[in-house]
Amino acid sequence: MLRHVSTPPSDPIANELQALRISLETLSQRVGELAKDNKLLREQLAQSQTARTDLVAQAEHLMHQLAQSQGKS
């Protein structure tokens, strides 16, 4: 049979360390979320930059075609 063990009084240092541990766990979780968001935003930026490059190339091609068609008139 187990003997009854009394609960020691609250230790302010232990309480502070527990609060610090919880705070660090919360912060670590938030950093993980921000890292995921950052990855997603970087992927979206890369896609946007690719689309922009494609649009510039298309616009330049259309301007070239327009200049050629005006020259033939």
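Me: Which side chain meets R21 in a salt bridge?
Reply: In this predicted model, the R21 side chain takes part in a salt bridge with an N to O distance of 2.5 Å. That distance satisfies the criterion, which places the nitrogen within 4 Å of a carboxyl oxygen. The side chain that meets R21 is that of E25.

Me: What separates R21 and E25 along helix α1?
Reply: R21 and E25 belong to helix α1 and are four residues apart. Because of this spacing, the separation between R21 and E25 is about one helical turn.

Me: Are R21 and E25 buried, partly exposed or exposed?
Reply: A residue counts as buried under 20% relative accessible area and as exposed over 50%. R21 has a relative accessible area of 39%, while the value for E25 is 42%. R21 is therefore partly exposed, and E25 is likewise partly exposed.

Me: How many salt bridges does the model contain?
Reply: One of the pairs is R21 with E25. R30 also forms a salt bridge with E33, with the closest N and O atoms 3.3 Å apart. R30 and E33 lie three residues apart in helix α1, about one turn of the helix. The count of salt bridges comes to two.

Me: What is the relative accessible area of E33?
Reply: The partner of E33 in its salt bridge is R30, which is partly exposed at 42% relative accessibility. E33 is also partly exposed, and its relative accessible area is 35%.

Me: Why can L20 belong to a nonpolar surface patch?
Reply: L20 lies in helix α1, which covers residues 12-72. Patch residues need over 30% relative accessible area. L20 meets that cut-off because its relative accessibility is 46%.

Me: What area does the nonpolar patch made by I13, L17, L20, L24, L27 and V31 have?
Reply: The accessible surface of the chain comes to about 7,200 Å², and carbon and sulfur atoms account for 60% of that surface. The patch that includes L20 has an area of about 610 Å².

Me: What percentage of the 73 residues count as buried?
Reply: The secondary structure of the chain consists of one helix and zero strands. With buried defined as under 20% relative accessible area, the share of the 73 residues that count as buried is 0%.

Technical notes. Residues are numbered from 1 along each chain as its sequence is written. This is a predicted model: local features need pLDDT of at least 70, side-chain atom pairs count only at pLDDT 80 or more; totals for chains, interfaces and linings use all residues. Side-chain values use heavy atoms; hydrogens and water are left out. Helices (H or I, at least four residues) and strands (E, at least two) are DSSP runs, numbered from the N terminus. Buried means under 20% relative accessible area, exposed over 50%, partly exposed in between (1.4 Å probe, protein chains only). Accessible areas come from the Shrake-Rupley method with a 1.4 Å probe; for residues, only the protein chains shown count as cover. Patches are made of residues with over 30% relative accessible area and no salt bridge: like charges are joined within 9 Å, nonpolar side chains (Val, Leu, Ile, Met, Phe, Trp, Tyr) within 5 Å.
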